[in-house]
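Take a moment to look at the model before reading on. The paragraphs below walk through it one stop at a time.

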Amino acid sequence: MLEQVRIVLVNTSHTGNIGSAARAMKTMGLGDLCLVEPVSAPDGQAVALAAGASDILAKARIVPTLAEAVADCGLVIGTSARSRTWSWPMLDAREAGQKAMAEAPRHRVALVFGRERTGLTNEELQQCHYHVAIPANPEYSSLNLAMAVQTLSYEVRMAWLASDSQPVVEQEYPLSADLERFYAHLEQTLLDTGFIIQPHPGQVMTKLRRLFNRARPESHELNILRGILTSIQRRNRGAE
């Protein structure tokens, strides 16, 4: 099940941090690394700091967007150390590890880490089902990227070691790419009906993303929702 867990690093500035993150992954038995638009591809410094985990660097994928990195994942958990305007379902590190292992038998799971200085953008966090915050010392909560990867990788491993006693999730959830297609379908339908307008969409789609991420529809439920949207579009076209 550990092979089902993907570590995603977004727009990493320093190649040494990529190498240190790979080392953190390998010590906990994780091997799937994806880099989203890194400032530089892994180099000699990354290999040096990987300290024996250069095989993870060698097979790491580099993609241009977070959407591409998580398209085949059924559960996406994004790290966030900052409070946001729109609150999202939150997990602590232990809960994130447990949820990852509960769902790994059925689909890939992504743990997403943002930029060293600014973390993930609001738009990137909206692509995640849950946000996770590491409960560090509030008087000194400075964790570097590799430390954060190590902490969550450790919690994943601990949950994996205890997984024999954990029930397997029976629900079939849609992949991230399926959810993005639904959100695009929903937005277009709301534009077609005039509920939102292109120049001033406001916060409607952000709030709806939060609603559906919180509700976590199963695959067959998402198909029903897509069918409803299609019927509305057909009716709307017929009335024109």
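How many disulfides does the structure hold? The count is 0. Keep in mind that this is a predicted model. A disulfide is a covalent bond between the sulfur atoms of two cysteines. Start with Cys73. The closest cysteine sulfur to its own belongs to Cys34, and the two are 8.6 Å apart. That is too far for a bond, because a disulfide needs the two sulfur atoms within 2.5 Å. Now take Cys128. Its closest cysteine sulfur is in Cys73, at 10 Å, which is again too far for a bond. Both cysteines lie inside the protein. Cys73 is buried, with a relative accessible area of 0%. Cys128 is buried too, at 0% relative accessibility.

Step back one residue along the chain to Gln127. It is found in the loop between helix H6 (122-125) and strand E7. Is Gln127 buried or exposed? Its relative accessibility is 13%, and the limit for buried is under 20%, so Gln127 counts as buried. Which residues does Gln127 touch, leaving aside neighbours within four places in sequence? They are Leu66, Ala67, Val76, Ser176, Glu180 and Arg209.

Next, find helix H8, which covers residues 176-193 and holds Phe182. Phe182 is buried, with a relative accessible area of just 1%. What does Phe182 touch, not counting residues up to four places away in sequence? Its contacts are Phe212, Leu222, Leu225, Arg226 and Leu229. Compare Phe182 with Leu66. In sequence, they are 116 residues apart. In space, 17 Å separates them, C-alpha to C-alpha.

Helix H1 is the next stop. It spans residues 15-27, and Asn17 is found there. The side chain of Asn17 makes a polar contact with the side chain of Glu116, at 2.9 Å. Glu116 is also among the residues that Asn17 touches, along with Thr12 and Leu145, when residues up to four places away in sequence are not counted.

Now turn to two loops. Ala51 lies between helix H2 (44-50) and helix H3 (54-58). Arg216 lies between helix H9 (204-215) and helix H10 (219-239). Look at the backbone angle phi in each. For Ala51, phi is near 50 degrees, a positive value in a residue other than glycine. Arg216 has a positive phi of about 50 degrees, although it is not a glycine either. Which of the words buried, partly exposed or exposed fits Ala51? Ala51 is partly exposed, because its relative accessible area of 47% falls between the limits of 20% and 50%. Arg216, at 8% relative accessibility, counts as buried.

Finish with empty space. Rolling a probe the size of a water molecule over the atoms shows where empty space is left. How much space lies in the largest pocket? The volume is about 570 Å³. The elements that give two or more residues to its lining are strand E7 (130-133) and helix H7 (145-161). Helix H7 supplies the largest share, 3 residues. In total, 24 residues line this pocket. Those nearest its centre are Thr79, Ser80, Ala81, Leu143 and Ala148. What classes of residue make up the lining? There are 11 nonpolar, 8 polar and 5 charged residues.

Conventions: Residues are numbered from 1 along each chain as its sequence is written. This is a predicted model: local features need pLDDT of at least 70, side-chain atom pairs count only at pLDDT 80 or more; totals for chains, interfaces and linings use all residues. Side-chain values use heavy atoms; hydrogens and water are left out. Helices (H or I, at least four residues) and strands (E, at least two) are DSSP runs, numbered from the N terminus. Buried means under 20% relative accessible area, exposed over 50%, partly exposed in between (1.4 Å probe, protein chains only). Contact means heavy atoms within 4.5 Å. A polar contact is a pair of N or O atoms within 3.5 Å; within protein, one must be able to donate a hydrogen and the other to accept it, and residues adjacent in sequence count only if both atoms are side-chain atoms. On a 1 Å grid over the protein atoms alone, a cavity is a set of points where a 1.4 Å probe fits but cannot get out, and a pocket is an open set with protein on both sides within 12 Å along at least five of seven lines; lining residues have an atom within 4 Å of a point. Grid points are joined across faces, edges and corners, and a volume is the space filled by probe spheres set on the points. Ala, Val, Leu, Ile, Met, Phe, Trp, Tyr, Cys and Pro count as nonpolar, Asp, Glu, Lys and Arg as charged, and the others, Gly among them, as polar.
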